[in-house]
Amino acid sequence: MTGTTSRLVLPRYLREEDGHRTPVAFDGYRSTALRAPLRTPVDLPHRLTEVTGPVLGEDRVAPGDADLTLRAGGEAQGQRIIVFGRVLDSGGRPVPGALLEIWQANAAGRYRHVVDNWPAPLDPHFDGLGRVVTDSLGRYEFTTVKPGAYPWGNHHNAWRPAHIHFSLFGQAFTQRLVTQMYFPGDPLFGQDPIFNAIPPAARHRAVAGFDLGRTQPDWALAFEWDIVLRGTEQTPFETDDDGDVA
Ligand SMILES: [Fe+2]
């Protein structure tokens, strides 16, 4: 063929090693028994649908969305914290323009949600919802309050360690990630089957680091957490059948 015919070369994404994958079913995490597939999941090939994604744009995210401590005309109760970090791909490159959405319990460990009715107080000035888009260097930052632990009925006296839920959209559907961030040294790690479902070699990736240098005196503590999404090994480009870049 001559150079008049070209084909799209799609990026390939690194596969997570089995030893680092969180299993979809985990014995101690009761609800996974009902929602985990019975057969081994099959990795989808990386076709155009998988390696492209929605164009979200920044205009839907307001600056105040990243500060969860100011809601409904007042300040949230609790330990004020800054949660910050970078979104990277598996090649260590920053992912700019990634949408991060978080949700979390309030300082007393209660969600503003219809099915959360354990006897901890709600906070009229905290809804537990935040979002931000990473900057050109892949950085993000939230201001919030440290969430409390909460009971959840998985087993006798089961308590979730303090955590913040994260949902991320990178630049493709294969870069979608839903996960949880934990706080260092939490005494509840040992009895939590959700945390312990993460293979031991990967657990440290789910725990933020305390960063004294980024605390704000007389204002807020700071925790750093970098998030790694699957990465492209190459950028999509047009090429002809000779392999030359068109
Ligand atoms: Fe939670």
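In the predicted model, the side chains of Glu141 and Arg214 form a salt bridge in which the closest N and O atoms are 2.7 Å apart. Glu141 belongs to strand β7 (residues 139–145), whereas Arg214 lies in the loop between β12 (209–210) and β13, so the contact ties together parts that are 73 residues apart in sequence. Both ends of this contact are classed alike: Glu141 is partly exposed, with a relative accessible area of 34%, and Arg214 is partly exposed, with a relative accessible area of 32%.

The count of salt bridges comes to eight. Among them is the pair of Arg86 and Asp226, whose side chains meet at 3.2 Å, N to O. Arg86 is situated in strand β4 (residues 80–89) and Asp226 in the loop between β13 (221–224) and β14 (227–229), so this salt bridge ties together parts that are 140 residues apart in sequence. A relative accessible area of 37% places Arg86 in the partly exposed class, and a value of 28% does so for Asp226.

A further salt bridge joins Arg131 to Asp65, with the closest N and O atoms 3.0 Å apart. The two residues come from distant parts of the chain: Arg131 is in strand β6 and Asp65 in the loop between α2 (48–51) and β2 (70–71), at a separation of 66 residues. Here the two partners fall into separate classes of accessibility. Arg131, at 30% relative accessibility, counts as partly exposed. Asp65, at 18% relative accessibility, counts as buried, because the buried class takes in residues under 20%.

Arg131 also has a place in the sheet pairing, since it is the residue in β6 that serves as bridge partner of Glu101. Strand β5 (residues 99–103) and β6 pair in the antiparallel sense over five bridges. These strands belong to an open sheet of four strands in the order β6-β5-β10-β11, with antiparallel pairing. At the edges stand β6 (129–133) and β11 (177–182), each with a single partner strand, so one side of each is left without a neighbour in the sheet. From one strand to the next, the twist averages 25 degrees.

The model also contains an iron ion, coordinated by Tyr111 through OH, Tyr150 through OH, His163 through NE2 and His165 through NE2, at 1.9 to 2.2 Å. Along the chain, the donors follow the spacing Y-x38-Y-x12-H-x1-H. Tyr111 is located in the loop between β5 and β6 and His163 in strand β10 (residues 163–169), so these two residues tie together parts that are 52 residues apart in sequence. Tyr111 and His163 are both buried. The angles subtended by the four donor atoms around the iron ion run from 92 to 157 degrees, which makes the arrangement irregular. A tetrahedral assignment is excluded because it would require all angles to lie between 85 and 135 degrees, whereas the range here extends to 157 degrees.

Aromatic contacts were examined next. A search of the whole structure finds 12 aromatic pairs. One of these is formed by Trp118 and Trp159, an edge-to-face pair at 5.9 Å centre to centre, with 90 degrees between the planes. Trp118 lies in the loop between β5 and β6 and Trp159 in strand β9 (residues 159–160), so the pair ties together parts that are 41 residues apart in sequence. Trp118 counts as partly exposed at 21% relative accessibility, and Trp159 is likewise partly exposed, with a relative accessible area of 29%.

For Phe166 and Trp225, the ring centres are 4.9 Å apart and the planes stand at 65 degrees, so this pair is also edge-to-face. Distant parts of the chain are again linked, with Phe166 in strand β10 and Trp225 in the loop between β13 and β14, 59 residues apart. Phe166 counts as buried at 0% relative accessibility, and Trp225 counts as buried at 4%. Together with Tyr140 and Phe142, Phe166 and Trp225 form one aromatic cluster.

Key: Residues are numbered from 1 along each chain as its sequence is written. This is a predicted model: local features need pLDDT of at least 70, side-chain atom pairs count only at pLDDT 80 or more; totals for chains, interfaces and linings use all residues. Side-chain values use heavy atoms; hydrogens and water are left out. Two strands pair if DSSP finds at least two bridges between them. Axes are lines fitted to C-alpha atoms, for helices over the stretch in contact, and angles run from 0 to 180 degrees between N-to-C directions. Donors are N, O and S atoms within 2.8 Å of the metal (3.2 Å for Na, K and Ca); water is not among the atoms, so sites may look incomplete. Four donors count as tetrahedral if all angles lie between 85 and 135 degrees; four count as square planar and six as octahedral if opposite donors are over 155 degrees apart and all others between 65 and 115; anything else is irregular. Buried means under 20% relative accessible area, exposed over 50%, partly exposed in between (1.4 Å probe, protein chains only). A salt bridge is a side-chain nitrogen of Lys or Arg within 4 Å of a carboxyl oxygen of Asp or Glu. Rings of Phe, Tyr and Trp (its six-membered ring) pair if their centres lie within 6.5 Å; planes under 30 degrees apart count as stacked, over 60 as edge-to-face and the rest as tilted.
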